[in-house]
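Please walk me through this structure, going from one enclosed helix to a sheet, then to the nonpolar cores and a loop residue beside them. Give the cut-offs as the terms come up.

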Amino acid sequence: MNTHWMKWTTEAAIIATGLLLIVSSSRGQTAMPMDPSLFPNETCKKCHTSAGPPQVDYSKPECVECHSALDEEGLIPIADRPPGRHGKQPAEISAAPNELILVPAGEFIIGNNGRGATEGAGDPDEMPGHKTYLDAFLIDKYEVTNAQYKAFVDATNHRSPKLWRPAQPAGTARPGDGSERGITYPLEKGTHPVVYVDWYDANEYCRWTGKRLPTEEEWEKAARGTDGRIFPWGNAYDVKKANSPQYWLSLNKEGDTLPVGSFENGRSPYGLYDMAGNVYEWTAAWYKPYPRNTEFNAHYGEKNKIVRGGSWYDCLSYGCGLSAPSSNRSRFAPEIRNKGFGFRCAKSQ
């Protein structure tokens, strides 16, 4: 009996404590002390202290500027929050067709002759760096979004990506509202890149839009231009220019896809977004060695397709190094679908 009574009182105390925290939090008077590490820049430190509940002095212009756009938890100010989570998104990333960017004809450098130590050694399949000529072509400015892919699914009855869920309760879908097939993406992710699509899904979507998947060479030229740069934006890695695992580690937050076009300063020389992160992108290419590459690789041949560009979630846990460099090559069986794979389309000029 005593044991049961003690268990009941303990549970009651836990519940009472939880209710007290909820009430206190709703009143904003007894919040937990603010972690100063959430506010790394000096401007924020003028508004926040490490002791007591968070207090903001709205008489200070710098406080008003930051707190006009806090993240969902009300913790990360605009200077440090993930891009693309607030504000108006470009019209191009609705369900409307993706904007095509012209990449002019000419030579460029593909691959490398060994990466610098700062971005990891890379793999032998990236070598040697060599010049390649390409005719002019067109390529999507953004990765294909959930909203764009849903238009394809609805129009063609193509299978939906894994993890899409019923859009409406059974029997409530209305003709013309886009939910006739009863499945859709999470509504807050319409402008995020579609994921859980395999190579065949991506290929069919591009054909449906009158385009195709880019070749591996086209993808790399669109990402790095003609000057042999390492990343779309230049030669120095910058954690704030791509949706990568390093980006989320810098925020000490769990990663995810972000709306396409979130990193304005991470664009390629031709103005393409997310060529070094967000999602890996399927290409048309089989995984084969470059000319003059004599390194043995059991995975070469017409059994794996090339994916490019790195993602928010990639192989860092396997010790593979940084995948954001534009010359990085990854290969997977065309049937693979996962949370880090998406695509964009291209078109011959």
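Helix H6 covers residues 216-224, and 8 of its 9 residues are buried, so the rest of the structure largely encloses it. Buried here means under 20% relative accessible area, with exposed being over 50% and partly exposed in between, for a 1.4 Å probe and protein chains only. Helices are DSSP runs of H or I with at least four residues, strands are runs of E with at least two, and both are numbered from the N terminus. The buried residues of H6 include charged and nonpolar names alike: Glu216, Glu218, Trp219, Glu220, Lys221, Ala222, Ala223 and Arg224. Just after H6, Gly225 has a positive phi of about 75 degrees.

This is a predicted model, in which local features need pLDDT of at least 70 and side-chain atom pairs count only at pLDDT 80 or more, while totals for chains, interfaces and linings use all residues. Residues are numbered from 1 along each chain as its sequence is written, and side-chain values use heavy atoms, leaving out hydrogens and water.

Next comes the sheet. Its 4 strands form an open sheet in the order S9-S8-S7-S10, with mixed pairing; two strands pair if DSSP finds at least two bridges between them. S9 (330-332) and S10 (341-342) are at the edges with a single partner strand each, so one side of each has no neighbour in the sheet. Strands S7 (residues 280-287) and S8 (residues 301-308) run antiparallel and are joined by 4 bridges. Tyr287 has Gly301 in S8 as its bridge partner.

S7 also contributes to the largest nonpolar core, as do helix H4 (146-156) and helix H5 (199-208), each with at least two residues. A nonpolar core is a set of buried Ala, Val, Leu, Ile, Met, Phe, Trp, Tyr and Cys residues joined through side-chain atoms within 4.5 Å. This core has 21 residues, and those touching the most other members are Val144, Tyr149, Trp164, Val194, Tyr205, Trp282 and Phe343. Apart from it lies another core of 15 residues, among them Ile101, Leu134, Ile139 and Ala223.

Beyond four places in sequence, the contacts of Val144 (heavy atoms within 4.5 Å) include Tyr149, Val194, Phe343 and Asn98. Asn98 sits in the loop between helix H3 (61-67) and strand S1 (100-103). Its relative accessibility is 8%, so Asn98 counts as buried. A polar atom of the Asn98 side chain lies 2.7 Å from the backbone oxygen of Tyr142. The C-alpha atoms of Asn98 and Arg344 are 8.9 Å apart, although 246 residues separate the two along the chain.

Note on methods. Polar contact = N/O pair within 3.5 Å; in protein donor to acceptor, adjacent residues only side chain to side chain.
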